[in-house]
Amino acid sequence: MTKVIAGDLVTVESIVPIGSDPHLHEPTPRDAKLIAEADLILVNGLTFEGWLNELIENAGTSAQIILITKGIEPIKSLVYQNSTDPHAWMSASNGLIYIENIKNALVALLPQEQQVLEFNYQTYKKQLEDLDRYIEARIQEIPENQRVLITSHDAFQYYGRRYGLRLESVLGVSTEAEAQTSDIRRLNQVIQDASVPAVFIESTVNPKLLQQIAKDNQVVIGGSLFADSIGDAASNAPSYYDMLKYNTDTIVEALKNWLFLKMLLTWMVLLYQNG
Ligand SMILES: [Zn+2]
């Protein structure tokens, strides 16, 4: 987001490398150096980067520290008291709040570049507004009773609430926890009850558990979704915008056609049996 708005005006570095898990990040000496030398530090907050405060304290920095989820209504964690679901960026409507906060922070840092920053921001804002409508319309293509999204960890609650999908996951809002047998049993039940055609793995989470669940329930892996990290330049999700669009297309394609395919398959089997 910051790269889109700032262009070449600033150097953007992320502490957590692309493709790795931010919940489990262990700060390195490189991170401390980045923090110490930064002019501006953008923080998601909402109990996401649990390791960051200590890192900032230890590294020492004179940078402005800006919470880019300011103004977002957090979803309370279903499991942990006094904890919030940090994955607020997963809906494009929340993304609009992120980019406004980022734009304001950049303008405060570079007031002489305000015009460029405002222009880039307005262009980006329009793209995300269009994307928000696109996602809303695409989710409607899935038959209503099949709008159930099953993933490894609970990163899609904001997405689900905004666009009308029911969410189920093996792990909670963090990947730190171990999966419990009861969670797996509950998921199996959901898959059977709602005739869920597909479950989804995530680019930053080990897929083993989900693959087992898919096998046990004879459903397919609908694809690999991006939630806690965008993908690299060669992936289908090299940016925030691409990530939300790719996730949506993957989810819709896997969940919408299933009934038709199932009928077709049954018909073909019958045809075959009858010679
Ligand atoms: Zn997460």
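Two helices count as roughly antiparallel when the angle between their axes is over 145 degrees. Keep that cut-off handy for this tour of a predicted model.

**The whole chain**

Start by selecting the protein chain and showing it as a cartoon. You'll find 10 helices and eight strands. The radius of gyration is 21 Å, close to the 19 Å the globule rule gives for 275 residues, so the chain is as compact as a globular protein of that length. Turn it along its principal axes and the C-alpha atoms fill a box of roughly 75 × 40 × 35 Å.

Now switch on the surface. About 14,800 Å² of the chain is accessible, and 52% of that belongs to carbon and sulfur atoms. Of the 275 residues, 46% count as buried. If you draw contacts between residues with a separation of 6 or more, 65% of them join residues 24 or more positions apart.

**A pair of helices**

Next, select residues 92–109, which is helix α4, and residues 114–139, which is helix α5. A packed pair is described by the angle and the distance between the two axes. Here the axes come within 9 Å and cross at roughly 175°. α4 and α5 are therefore roughly antiparallel to each other.

**Where they meet**

Show side chains on both helices. On the α4 side, look for residues including Leu96, Ile99, Glu100, Lys103 and Val107. They belong to a contact whose α5 side includes Leu117, Tyr121, Tyr124, Lys125 and Leu128. Colour the whole contact by class and you'll get 10 nonpolar, three polar and six charged residues.

Key
Residues numbered from 1 in each chain as written. Predicted model: local features only at pLDDT ≥ 70, side-chain atom pairs only at ≥ 80, totals over all residues. Heavy atoms only, no water. Axes fitted to C-alpha atoms, helices over the stretch in contact; angles between N-to-C directions. Helix = DSSP H or I, 4+ residues; strand = E, 2+ residues; numbered from the N terminus. Parallel < 35°, antiparallel > 145°, perpendicular 65-115°, else oblique. Contact = heavy atoms within 4.5 Å. Nonpolar A, V, L, I, M, F, W, Y, C, P; charged D, E, K, R; others polar. Rg over C-alpha atoms; globule rule 2.2 N^0.38 Å. Buried < 20%, exposed > 50% of the residue type's maximum accessible area, 1.4 Å probe, protein only. Areas by Shrake-Rupley, 256 points an atom, 1.4 Å probe, with all protein chains shown as cover.
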